[in-house]
Amino acid sequence: MRQTNHASRLRGVSVFAFAVAGLVLGHALAYLLAVPDPHHRDLILARTGHHYLPAMTQLALILAFAGAGAAAADGILSRRDATGRWRTLAVHLATVQAAAFVGQEVVERVVTDAPLADLLRQHLLLAGVAAQAVVGFASAAVLRWLTRSATRLAEFRWAPLPTPRLVPAFALPTTNDVSRRRDVHRSSAPRAPPIR
């Protein structure tokens, strides 16, 4: 019971982390698609209050790594295949990210007094919803792969590695070897001619 509770918490952490990271990635893709000119894109981002994006990008990277770790731990603890819930998770992530993107863009423009009509004129909402859907499905696929890989790794029967037989590279001479060498040395030494 406790193991299942930990696995469900880890699953929630991984889904939340990937949703936030996916939102940031989809946001960047939306602006790349809607406004391909980098100079014009930078002007629009500055005018609509996107000064927080560098910090949010760093947070998204941290959350992506944390989410990947949580997904792997979930796969190890739960040890069940998450194939059936992949489509549900993908639709959930895509829907939540698309709704968050639309809300984020509306709030940014209300706060900075930028016209809301620009969202439609520049096709930003259409590009954003499409980017969030693609990123949501990709995030669900990555989460599924991480969980399944960790589950398979945890269930794998690891055979113990054979212990290598250590063979000494050199041997110290024993006392018998030393005395034998002396005897051999004495017998093979040249003899002096006999004294007459």
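**Chat about an all-helix model**

Colleague: What am I looking at, and how many helices and strands does the protein chain have?
Modeller: It's a predicted model. The protein chain has seven helices and zero strands, so to speak a run of α-α-α-α-α-α-α when you read along the sequence.

Colleague: How much of the protein chain counts as buried?
Modeller: Of its 196 residues, 32% count as buried.

Colleague: And what about contacts between residues at least 6 apart in sequence, how many join residues at least 24 apart?
Modeller: In the protein chain, 86% of those contacts do.

Colleague: OK, pockets. How much space lies in the largest pocket?
Modeller: About 250 Å³. The lining has 14 residues, and the closest to the pocket's centre are Ala21, Gly22, Leu25, Ala60 and Ala64.

Colleague: Which helices supply at least two residues of that lining?
Modeller: H1 (2–34), H3 (53–78) and H6 (124–155) each do. H1 gives the most, with six residues.

Colleague: How does the lining of the largest pocket divide into nonpolar, polar and charged?
Modeller: Eleven nonpolar, three polar and no charged residues.

Colleague: How many cavities of 30 Å³ or more does the structure hold?
Modeller: One. About 80 Å³ of space lies in that cavity. Twelve residues line the cavity, and Arg85, Leu89, Leu143, Arg144 and Thr147 are the closest to its centre. Two or more lining residues come from each of H1, H3, H4 (86–111) and H6.

Colleague: What's the lining of the largest cavity like by class?
Modeller: Six nonpolar, two polar and four charged residues. Compare the largest pocket, where the lining has no charged residues.

Colleague: Switching to cores. How many residues are in the largest nonpolar core, and which have the most contacts inside it?
Modeller: The core has 14 residues, and Tyr31, Ala34, Phe101 and Leu124 have the most contacts inside it. H1, H2 (38–47) and H6 each supply at least two of the core's residues.

Colleague: Where's the other core, and which residues are among its members?
Modeller: That one lies apart from the largest core and has ten residues, among them Val15, Leu89, Leu93 and Leu143. Leu89 and Leu143 are also among the residues closest to the centre of the largest cavity.

Colleague: Back to Phe101. What does Phe101 touch, not counting residues up to four places away in sequence?
Modeller: Leu23, His27, Ala30, Leu124, Leu125, Gly128, Val129 and Gln132.

Colleague: Glu105 caught my eye. Is Glu105 buried or exposed?
Modeller: Glu105 counts as buried because its relative accessibility is 0%, and the cut-off for buried is under 20%. Glu105 is found in helix H4.

Colleague: What does the side chain of Glu105 make a polar contact with?
Modeller: The side chain of Tyr31, at 2.6 Å. Tyr31 is one of the residues with the most contacts inside the largest nonpolar core.

Colleague: Leaving aside neighbours within four places in sequence, which residues is Glu105 in contact with?
Modeller: His27, Tyr31, His50, Leu119 and Leu124. His27 and Leu124 are also touched by Phe101.

Colleague: Last one, Gly26. Where is its place, and is Gly26 buried or exposed?
Modeller: Gly26 is in helix H1, and it's buried because its relative accessible area is 0%.

Colleague: What is Gly26 in contact with, again leaving aside neighbours within four places in sequence?
Modeller: Ala131, Gln132 and Val135. Gly26 and Val135 are 109 residues apart along the chain, and 6.1 Å separates their C-alpha atoms.

Note on methods. Residues numbered from 1 in each chain as written. Predicted model: local features only at pLDDT ≥ 70, side-chain atom pairs only at ≥ 80, totals over all residues. Heavy atoms only, no water. 1 Å grid on protein atoms, 1.4 Å probe; cavity = no way out; pocket = protein on both sides within 12 Å on 5 of 7 lines; lining within 4 Å. Points joined across faces, edges and corners; volume = space filled by probe spheres on them. Helix = DSSP H or I, 4+ residues; strand = E, 2+ residues; numbered from the N terminus. Nonpolar A, V, L, I, M, F, W, Y, C, P; charged D, E, K, R; others polar. Buried < 20%, exposed > 50% of the residue type's maximum accessible area, 1.4 Å probe, protein only. Polar contact = N/O pair within 3.5 Å; in protein donor to acceptor, adjacent residues only side chain to side chain. Contact = heavy atoms within 4.5 Å. Core = buried A, V, L, I, M, F, W, Y, C linked by side-chain atoms within 4.5 Å.
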